[in-house]
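User: Hey, got a minute to walk me through this one? I'd like to start with a specific contact and zoom out from there.

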There are 2 protein chains.
Amino acid sequence: MSERSTIRRNRGYRWDGVSKLEYKTQGSHFDRITRQTLLGGSEEESEGSAVTRYFEIAPGGHSTLERHEHTHMVVVVRGSGSMILGEETHDLRFLDAVYIAPRTFHQFHATGDEPFGFLCVVDRERDRPQLPQDSDLETLRRNPEVARLLKT
Amino acid sequence: MSERSTIRRNRGYRWDGVSKLEYKTQGSHFDRITRQTLLGGSEEESEGSAVTRYFEIAPGGHSTLERHEHTHMVVVVRGSGSMILGEETHDLRFLDAVYIAPRTFHQFHATGDEPFGFLCVVDRERDRPQLPQDSDLETLRRNPEVARLLKT
């Protein structure tokens, strides 16, 4: 029986032994968002192919508008928000689940009074995100709902 | 932008387009547990390496005591429970996170008055679970807490 199995207890959306990090270390195309790698992120937990992270966006904040080849599996666990998913917008609430397919632009926004938190599962091996080009933004903004929500 | 990105809304711990299934189709070493594959389970969602499932155990029920080579990343999202993890027992509450390393025996129990629900991420390609041998049970039962909780 392995000694490497681990329980990480939730203490107010912080977990034992898990660092709360900046969402990204570079750029300014995001706002009021933090990242915690809950499970699968260390060398001791690298037998599986995926990593489970927890992102939290403070009211009024948002993630980067981006796309990539790798997929996201997202499950909301705190507060409520909205997202851009391709050319559409969607409101998100507790335990709503989102599959973000390859090459789909996406951006999360905290729209309520409390922080908006979600789990996001990705493959450990993955490509770097791409920011939208001007032509991509033009396409996305054709939908007025997307245009209203979108932040760059 | 892909058309295959999908939002699945939570409606009382059921999700749009997701079937609520028996936990396993064979055996009797589990009780009052259901399985829903939330994300990554279909051919249309197979670009990533992992699958996100939601398991729910009704009060008094339990999962199979088993181990396997693949890992589990578990996050509790409903109710409370207890688990056997290797030779120890642990209580679990909302958003507690568990990394189950390869070859670690584990079993979940719903200990409260409401259903105990958790997300469980696994690799799509994975080995079949193994049940404990008599010698394994003997080892596990050396801890009285494990002996008390364990169901076969």
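**Contacts between and within the chains**

Analyst: Sure. R9(B) and D96(A) make a salt bridge, with 3.0 Å between the closest N and O atoms. Keep in mind that this is a predicted model.

User: OK. How many salt bridges are there across the interface of chain B and chain A?

Analyst: Two by the rule used here. As for polar contacts, 24 residue pairs are counted between chain B and chain A, both residues being at pLDDT 80 or more. The side of chain B that touches chain A breaks down into 27 nonpolar, 14 polar and eleven charged residues.

User: And how much area is buried between the two chains?

Analyst: About 4,100 Å², with carbon and sulfur atoms giving 63% of that. In terms of residues, 52 of chain B are in contact with 52 of chain A.

User: Which surface do the copies meet through?

Analyst: The same one, because 100% of chain B's interface residues are also interface residues in chain A.

User: What rotation puts chain B on chain A?

Analyst: 180°, with a shift of 0.0 Å along the axis and an RMSD of 0.0 Å. The two copies are therefore related as by a two-fold rotation axis.

User: Switching to strands: which ones pair between the chains?

Analyst: Strand β1 of chain A (residues 6-8) pairs with strand β8 of chain B (residues 97-100), antiparallel, over three bridges. For T6(A), the bridge partner in β8(B) is Y99(B).

User: Back to salt bridges. How many are there over all chains?

Analyst: The search of the whole structure finds 20. One within chain A links E45(A) to R8(A), their closest N and O atoms being 2.7 Å apart.

User: Where do those two sit?

Analyst: R8(A) is in strand β1 of chain A, and E45(A) is in the loop between β3 (31-39) and β4 (50-62) of that chain, so the pair ties together parts 37 residues apart in sequence.

Notes: Residues are numbered from 1 along each chain as its sequence is written. Chains are lettered from A and ligands numbered from 1 in the order in which they are written. This is a predicted model: local features need pLDDT of at least 70, side-chain atom pairs count only at pLDDT 80 or more; totals for chains, interfaces and linings use all residues. Side-chain values use heavy atoms; hydrogens and water are left out. Copies are superposed by least squares on the C-alpha atoms of residues with pLDDT of at least 70 in both. Contact means heavy atoms within 4.5 Å. Buried area is the accessible area (1.4 Å probe) that two parts lose on being put together, summed over both. A salt bridge is a side-chain nitrogen of Lys or Arg within 4 Å of a carboxyl oxygen of Asp or Glu. A polar contact is a pair of N or O atoms within 3.5 Å; within protein, one must be able to donate a hydrogen and the other to accept it, and residues adjacent in sequence count only if both atoms are side-chain atoms. Ala, Val, Leu, Ile, Met, Phe, Trp, Tyr, Cys and Pro count as nonpolar, Asp, Glu, Lys and Arg as charged, and the others, Gly among them, as polar. Two strands pair if DSSP finds at least two bridges between them. Helices (H or I, at least four residues) and strands (E, at least two) are DSSP runs, numbered from the N terminus.
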